Amino acid sequence: MQHDTGSARSFNQPKLGVMMIFGLLKKKNSNQRIVERQYGHLTAAARQPYLYERLDVPDTVMGRLEMLSAVMIVYFRRTRASATSGQEIAQQIVDAFFQDIDHSIRELGISDVGVPKRMKKLAARFYGRLESYAAALDAGDETALAQALKRNIYPETGEDGPDMQELARYLFAAEAHLTALDEATVEAGEALLPPAGPAT
């Protein structure tokens, strides 16, 4: 799948001026608890057992990474409409996400020399997914989203991979849920995704 990452890299990315840097660092520190709380909510949403047991996401390192990427994307799309503080928190969550991936790669035994190359590849894959999923979500096209999910989650099986229609339906519902949240909830780091399966 071809990925055009040029425009996506600016997604929610604050533009920093030299004179703002100390104020930004102070604000970044004050946002730390909010960032940790929101990132925890997002990772918990991506780890819901129902996704792996019933919606055909493989319970592997890469399967969990694909699910976290999809959850992060619907969250970032919500923060596009946020005020500056909400967008700053979202950017810090992007940073936390890639730091988490970096840490996981190192734990898998990838050498320090190999980490930057692997990170660059994973970042390109993430932004490529952002573009393809966003296009389907913007178009309201559940089938297109399901096809994109299948290509990314099961890249080696092609058309023979599991049907991702239910997962696509969940992501549309998750985006609608996040869109309906008030701004105070988002800025407090309390943007929760809906459960993937039946409420218990």
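1. The expected span of a helix is 1.5 Å times one less than its number of residues. This rule can be tried on helix α2 of the present model, which is a predicted one. Helix α2 covers residues 32-46, 15 residues in total, so it should span 21 Å; the C-alpha atoms at its ends lie 21 Å apart, in agreement with that expectation.

2. Which residues of α2 are buried? They are I34, V35, Q38, Y39, L42, T43, A45 and A46. Viewed down the axis of α2, the buried residues fall within an arc of 160 degrees, and they therefore line one face of the helix. R33 and E36, on the other side of α2, are exposed. A general property of helices is useful here: an α-helix has 3.6 residues a turn, so residues three or four places apart point the same way.

3. The overall composition may be stated briefly. The protein contains nine helices and zero strands, and its pattern along the sequence reads α-α-α-α-α-α-α-α-α. Of the 200 residues in the protein, 44% are buried. Among contacts with a separation of 6 or more, 67% are between residues 24 or more positions apart.

4. Helix α4 runs over residues 61-79 and has 19 residues. From its first C-alpha to its last, α4 reaches 27 Å, close to the 27 Å expected at 1.5 Å a residue. Why is α4 described as largely enclosed by the rest of the structure? The reason is that 16 of its 19 residues are buried.

5. The packing of helix α7 (residues 142-153) against helix α8 (residues 165-179) deserves attention. Their axes are 8 Å apart and make an angle of about 115 degrees, and α7 passes α8 in a right-handed crossing. On the α7 side, the residues that meet α8 are E142, T143, L145, A146, L149 and I153. Their partners in α8 are Q165, L167, A168, R169, L171 and F172. The residues of this contact between α7 and α8 divide into eight nonpolar, two polar and two charged.

6. One further residue of α8 merits a separate remark, namely E175. Is E175 buried or exposed? Its relative accessible area is 13%, and a residue counts as buried under 20%; E175 is therefore buried. When residues up to four places away in sequence are not counted, E175 touches V74, R77 and L137.

Terms used:
Residues numbered from 1 in each chain as written. Predicted model: local features only at pLDDT ≥ 70, side-chain atom pairs only at ≥ 80, totals over all residues. Heavy atoms only, no water. Axes fitted to C-alpha atoms, helices over the stretch in contact; angles between N-to-C directions. Helix = DSSP H or I, 4+ residues; strand = E, 2+ residues; numbered from the N terminus. Left-handed = near helix turned anticlockwise from the far one by under 90°. Contact = heavy atoms within 4.5 Å. Nonpolar A, V, L, I, M, F, W, Y, C, P; charged D, E, K, R; others polar. Buried < 20%, exposed > 50% of the residue type's maximum accessible area, 1.4 Å probe, protein only. Arc of directions from axis to C-beta.
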